[in-house]
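Reader: I am in my first year and still learning to read structures, and I would like a close look at a single part of this one. Could you take one strand and its surroundings slowly, and then show me how the rest of the picture connects to it?

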Amino acid sequence: MSDDATVVLTDIKSALASAEKEAAEKPAALLVVGGELNGTIFDLDEELVIVGRSPEVKISLEFNGISRQHFKLIAGDETFLVEDAGSKNGTYVNNKKIEGQYALKKGDIIKIGSIALKFLPKGDPERLTYDKLNLEANTDKHTGCFNKAYFNDKIELEVKKSKVTGSPLSLIVFDLDHFKKLNDNYGHDAGDFVLKEGAGIIRKNGVRDIDIFARYGGEEFVILLPKTNLKQAFEIAERLRKLLETHKFVYDSQVLPVSASIGVADYRQGVKTGTDLFKRADEAVYKAKQGGRNQVQFYRA
């Protein structure tokens, strides 16, 4: 075998070993097959996972034919046991209605209403493909943030959860100040640099695992903050504003002027949808701009 072939073979073995190691760290999961959620993955990372239409359950699927609590998944020694939770229409595995508990095997299809869910056991390398596809579908390629479509889905779900549970929920919306002028004066490459650099700063210094940080469009960004009240969100927004203001954005040996106008709003009376919450935070951004920019304002009814 030639040296080049040996190198290639070694690289392939290394890549396979790396993929197997990455897969081994992944929990069991349910993969949506078909429909508008096709390819969506739900990790089974708790001992008991309830699936249903209610916003309170671990896996919430608001579709016709699904009960508020439709079925349970109970962690066993080697796999998960699926059990109907008293649903109206029943739970089906591989097209058979289950009675009692059923031990899931790789590739089993759970059907409830119009939703089909494929079971992927812990450590299954197949899920790495779907992880990659999900990441590509939900991510803004330039900044690495979530995209607008993903954010819009999440904000509607989180508002429904807060409506049911009463848990706090806040939203930060911010625009980079005078971004058009920055593009005109320094070039669009400089503007692209600011977007990517700024998103990285915020991701590293102010976003938790439960938060949804997304690029909403152009120079506008959003951070959805579950379990966070208005006062806490305001403090987070002010800290992020200072980070952007004090960071040296150096591009092509030039320090670029960067700041942000930030609006904050929370879930409370009058908020019925994610759109309502977004509009309130967006109004607060407008007030920040009216007030001279580079500041944080919160929504006032």
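Author: In strand β18, Q297 is the bridge partner of G263, and that pair is a good place to begin in this model, which is a predicted one. G263 belongs to β17, the strand of residues 260–266, and β17 pairs with β18, residues 296–298, in the parallel sense over three bridges. β17 also has a partner in β12, residues 169–176, to which seven bridges join it, and here the two strands run antiparallel. Within that antiparallel pairing, L176 stands opposite A260 of β17. Strands of a sheet pair through backbone hydrogen bonds, and the sense can be either parallel or antiparallel.

The side chains of this strand deserve the same care. In a regular strand the side chains alternate between the two faces of the sheet. In β17, A260, I262, V264 and D266 point one way, while S261, G263 and A265 point the other way. Is β17 mostly covered or not, and how many of its residues are buried? Seven of its seven residues are buried, and the strand is therefore described as mostly covered, buried being a relative accessible area under 20%. D266 is thus listed among the buried residues, together with the others that point its way.

From the strand we can turn to a helix, α5, which covers residues 188–206. Its 19 residues reach 27 Å from the first C-alpha to the last, close to the 27 Å expected at 1.5 Å a residue. Buried residues of α5 include A190, G191, V194, L195, G198 and A199, and also G200, I201, I202 and G206. Two packed helices are described by the angle between their axes and the distance between the axes. For α5 and α4, the helix of residues 179–186, that angle is about 135° and the axes are 6 Å apart. The two helices are therefore oblique to each other. On the α4 side the contact is made by F179, L182, N183 and Y186, and on the α5 side by H188, A190, G191, V194 and L195. Sorted by character, the residues of this contact are six nonpolar, three polar and no charged.

One residue of α5 shows another side of the helix. K196 is found in α5, and K196 is exposed, with a relative accessible area of 51%, because exposed means over 50%. Leaving aside residues up to four places away in sequence, K196 touches H142 and T143. H142 is 54 residues away from K196 along the chain, yet the C-alpha atoms of the two are separated by 6.5 Å.

Other strands of the model can be read in the way we read β17. Five strands form an open sheet in the order β4-β3-β5-β6-β9, with mixed pairing. In that sheet β4 (59–60) and β9 (101–103) stand at the edges, each with a single partner strand, so one side of each is left without a neighbour in the sheet. β3, residues 48–52, is joined to β4 by two bridges, and the two strands run parallel. β3 also pairs with β5, residues 71–75, in the antiparallel sense over four bridges. V51 takes part in both pairings, standing opposite I59 in β4 and opposite F71 in β5. β3 is mostly covered, with four of its five residues buried.

A further open sheet has six strands in the order β2-β1-β11-β10-β7-β8, and its pairing is antiparallel. Its edge strands are β2 (41–43) and β8, each of which pairs on one side only. Helix α2, residues 126–138, packs on this sheet and touches β1, β2 and β11, while its direction makes about 120° with that of β2. β7 and β8 pair over two bridges in the antiparallel sense, and Y92 has K97 in β8 as its bridge partner.

The loop between β7 (92–93) and β8 (96–97) holds N95. Phi of N95 is near 70°, a positive value in a residue other than glycine, and N95 is exposed, with a relative accessible area of 70%. S253, in the loop between β15 (249–251) and β16 (254–256), also has a positive phi, near 65°, and is a residue other than glycine. At 74% relative accessibility, S253 counts as exposed.

Note on methods:
Residues numbered from 1 in each chain as written. Predicted model: local features only at pLDDT ≥ 70, side-chain atom pairs only at ≥ 80, totals over all residues. Heavy atoms only, no water. Expected span 1.5 Å × (residues − 1). Buried < 20%, exposed > 50% of the residue type's maximum accessible area, 1.4 Å probe, protein only. Axes fitted to C-alpha atoms, helices over the stretch in contact; angles between N-to-C directions. Parallel < 35°, antiparallel > 145°, perpendicular 65-115°, else oblique. Contact = heavy atoms within 4.5 Å. Nonpolar A, V, L, I, M, F, W, Y, C, P; charged D, E, K, R; others polar. Pairing = 2+ DSSP bridges.
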